[in-house]
Amino acid sequence: MAICEILTYPDPALREIAQTVDNPQSESVRQLVQDLADSMYDAPGVGLAAPQIGVFLRVVVTDTRWREEDGIRDLHVWINPEISHFEGEVVFEEGCLSVPGIYEDIKRASAITLSWSDQDGSRHEANFNDFQAVALQHEFDHLVGKLFIDLLPPIKQKLLKKRLQKRKKQALTG
Ligand SMILES: [Zn+2]
């Protein structure tokens, strides 16, 4: 079991583009999935993308139910995910383990069609909606160096980023 440090804004590593996984069945990917799951449950969060622990591969774990259902775990692993269709609109209050303490209403597609590989290397396709669709869009944005605060209106975004940068500086010096 390895709980990894989760990188926080404005760490430039959060802006890196993750690479496609060549072999989902490899031991190194199995270990990465385990580290992501351990770190997500420890945080605790409902999703974690590999770049958030400084690994630039297209791997995400989610469990959007365990905190509501008496701690019963329902881990999902998404390797090389691709969203092929976005539909509708929904607003959820989002937070992020890489932007601690900030919660903002974010507008995203309410339904998505997604394909992904599992840990055996098989490819799947399915539709997701509402909270699960939102959580997946949030996590997959991390694979292209995007954070949920980038989706805020420009003025709000500017103020918030300034505040977060200041907070980081204080944390480093104080
Ligand atoms: Zn996040």
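**Exercise 1. Find which residues Val59 is in contact with, leaving aside its neighbours within four places in sequence.**

Solution. Start with the criterion: two residues are in contact if their C-beta atoms, placed from the backbone, lie within 7 Å. Leaving aside neighbours within four places in sequence, Val59 then touches Val21, Val29, Leu32, Val33, Leu36, Ala50 and Ile79.

Before going on, keep in mind that this is a predicted model, in which local features need pLDDT of at least 70, side-chain atom pairs count only at pLDDT 80 or more, and totals for chains, interfaces and linings use all residues. Residues are numbered from 1 along each chain as its sequence is written.

Next, look at the pairing. The bridge partner of Val59 in strand 3 is Ile79. Helices (H or I, at least four residues) and strands (E, at least two) are DSSP runs, numbered from the N terminus.

**Exercise 2. Place Val59 in the largest nonpolar core, and say which elements supply at least two residues of this core.**

Solution. First, the terms. A residue is buried if 20 or more other C-beta atoms lie within 10 Å of its own, exposed if 12 or fewer, and partly exposed in between, with C-beta atoms placed from the backbone. A nonpolar core is a set of buried Ala, Val, Leu, Ile, Met, Phe, Trp, Tyr and Cys residues joined through C-beta atoms within 7 Å.

The largest such core holds 32 residues, and Val59 is among those with the most contacts inside it, together with Leu36 and Ala50. At least two residues each come from helix 1 (27–42), strand 1 (47–49), strand 2 (59–62), strand 3 (76–87), strand 6 (111–117) and helix 2.

**Exercise 3. Work out the strand order of the open sheet, and explain why one side of strand 1 and of strand 7 is left without a neighbour.**

Solution. Two strands pair if DSSP finds at least two bridges between them. Five strands follow the order 1-2-3-6-7, with antiparallel pairing. Strand 1 and strand 7 (123–129) are at the edges with a single partner strand each, so one side of each lacks a neighbour in the sheet. On average, neighbouring strands are turned by 40° against each other, direction ignored.

Now add the helices. Helix 1 packs on the sheet, touching strand 1, strand 2 and strand 3, and its direction makes about 40° with that of strand 2. Helix 2 lies across strand 1, strand 2, strand 3, strand 6 and strand 7, at about 120° to strand 7. Axes here are lines fitted to C-alpha atoms, for helices over the stretch in contact, and angles run from 0 to 180 degrees between N-to-C directions.

**Exercise 4. Which residues of helix 2 are buried, and how many of helix 3?**

Solution. In helix 2 (residues 130–142), the buried residues are Ala133, Val134, Ala135, Leu136, Gln137, His138, Glu139, Phe140 and His142. Asp130, also in helix 2, is partly exposed, with 13 other C-beta atoms within 10 Å. For helix 3 (residues 154–173), the number buried is zero out of 20 residues, so helix 3 lies largely in the open.

**Exercise 5. Locate the cis peptide bonds at Pro10 and Pro44, and the positive phi of Asn80.**

Solution. One cis bond joins Tyr9 and Pro10, with omega about 5°, in the segment before helix 1. Another runs from Ala43 to Pro44, with omega near -10°; Pro44 sits in the loop between helix 1 and strand 1. Asn80 has phi near 50°, although Asn80 is a residue other than glycine. Asn80 lies in strand 3 and, with 20 C-beta neighbours inside 10 Å, counts as buried.

Key. The expected span of a helix is 1.5 Å times one less than its number of residues.
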